[in-house]
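Let's take a walk around this protein and see what its rings, loops and empty spaces look like. Keep the 3D view open as you read.

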Amino acid sequence: MYKAIIFDLDGTLLDTSRDICKVLNQSLRAFGCPEVSLQKTLEYVGNGARKLIERAVPAGFDKIEELYNHYRVHFAACDNALTTLYEGEEEFLREVKARGIKMAILTNKPEDAAAKVYEDLLSRFDFDAVLGQTARFQLKPDPSAVFYLLDKMGAKPEESLFVGDGETDIATAANAGMDCASVLWGFRSEEQLRDAGGKLFAKNYAELARIVLG
């Protein structure tokens, strides 16, 4: 049994896709850019908000910084009305907590937005730490934030698990020397995750529980 788990947020703990798409399109409209579909939004996420904006704007668009700042402000204020937990997640998190396993969240989502959605939907599970995009650490897949969280939880990489739904999460775990469980209910397919080096997969929270708890 693992001593600590670090979770990705979007596509792993929360289905935030519709709220991301909503706020992204609000910002795109505000700057006269074409809107993007939910499917395109899913393709663009995973490497931080700025990279999301860079991927969503038309070629040659020259106000990326202004649009990015608009998105950041509005996303931090999002009511998260379209964001949901996944089936079986609540029971899983309560069981992990009951077993005394430490839990943290590491996301490339801006820290203020991560803090708000955590407070709105996940705070009742009492995670040990929540860390979003911040000037203190490089974004995933850089492992520095992982080492900070593990130290905070009193756990070593070899006795901990990273859980995420993307290629970036697989790379982050590898860079930190951790096992990685790739979940298949998120924003990437099993084929994409295998191509990125994924080896351990969970189709639902019941399968993740077997990986984590044995």
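## A charge over a ring

Start with R50 and Y68. The charged end of R50 sits over the ring of Y68, at 5.8 Å from the ring's centre. Keep in mind that you're looking at a predicted model.

## Rings that pair up

Now for the aromatic side chains. There are nine aromatic pairs in total. One of them joins F31 and F61: their ring centres are 6.5 Å apart and their planes make an angle of 80°, which makes the pair edge-to-face. F31 belongs to the loop between α1 (17–30) and α2 (38–44), while F61 belongs to the loop between α3 and α4, so this pair ties together parts that are 30 residues apart in sequence. Is F31 buried or exposed, or something in between? F31 is partly exposed, because its relative accessible area is 26% and the "partly exposed" class runs between 20% and 50%.

Elsewhere, ring pairs build a cluster out of F7, Y86, F92, Y118, F127, W185 and Y205.

## A leucine tucked away

Next, find L208 in helix α10, which covers residues 205–213. With a relative accessible area of 0%, L208 counts as buried, because the cut-off for that word is under 20%.

So who keeps L208 company? Setting aside neighbours within four places in sequence, L208 is in contact with F92, V163, A181, W185 and A202. You've already met two of these names, F92 and W185, in the ring cluster. Take V163 as well: V163 and L208 are 45 residues apart in sequence, yet their C-alpha atoms are 9.0 Å apart in space.

## Backbone oddities

The loops have a few surprises for you. Going from K140 to P141, the peptide bond is cis, with omega near 15°. You'll find P141 in the loop between β3 (129–133) and α7 (144–153).

Which residues other than glycine have a positive phi? N80 is one of them, with phi at about 60°, and D126 is another, with phi near 55°. N80 lies in the loop between α4 and α5 (89–98), and N80 is buried, with a relative accessible area of 9%. As for D126, look in the loop between α6 (111–121) and β3.

## The largest pocket

Time to look at empty space. Rolling a probe the size of a water molecule over the atoms shows where such space is left. The largest pocket has a volume of about 330 Å³. Its lining is made of 23 residues, and D10, V45, G46, N47 and G48 are the ones nearest the centre.

Several elements help to build this lining: α3 (49–56), α4 (64–76), β2 (102–110) and α8 (167–176) each give at least two residues. The largest share comes from β2, with four residues. Sorted by class, the lining of the largest pocket holds eight nonpolar, seven polar and eight charged residues.

## The cavity

How many cavities of 30 Å³ or more does the structure hold? There is one. The largest cavity offers about 60 Å³ of space. It is lined by 13 residues, with L106, G132, Q138, L139 and A145 closest to its centre. Both β2 and β3 give two or more residues to this lining.

By class, the lining of the largest cavity splits into five nonpolar, six polar and two charged residues. You can set that beside the pocket, where the lining has eight nonpolar, seven polar and eight charged residues.

Methods
Residues numbered from 1 in each chain as written. Predicted model: local features only at pLDDT ≥ 70, side-chain atom pairs only at ≥ 80, totals over all residues. Heavy atoms only, no water. 1 Å grid on protein atoms, 1.4 Å probe; cavity = no way out; pocket = protein on both sides within 12 Å on 5 of 7 lines; lining within 4 Å. Points joined across faces, edges and corners; volume = space filled by probe spheres on them. Nonpolar A, V, L, I, M, F, W, Y, C, P; charged D, E, K, R; others polar. Phe/Tyr/Trp six-rings, centres within 6.5 Å; stacked < 30°, edge-to-face > 60°. Buried < 20%, exposed > 50% of the residue type's maximum accessible area, 1.4 Å probe, protein only. Lys NZ or Arg CZ within 6 Å of the ring centre and 35° of its normal. Contact = heavy atoms within 4.5 Å.
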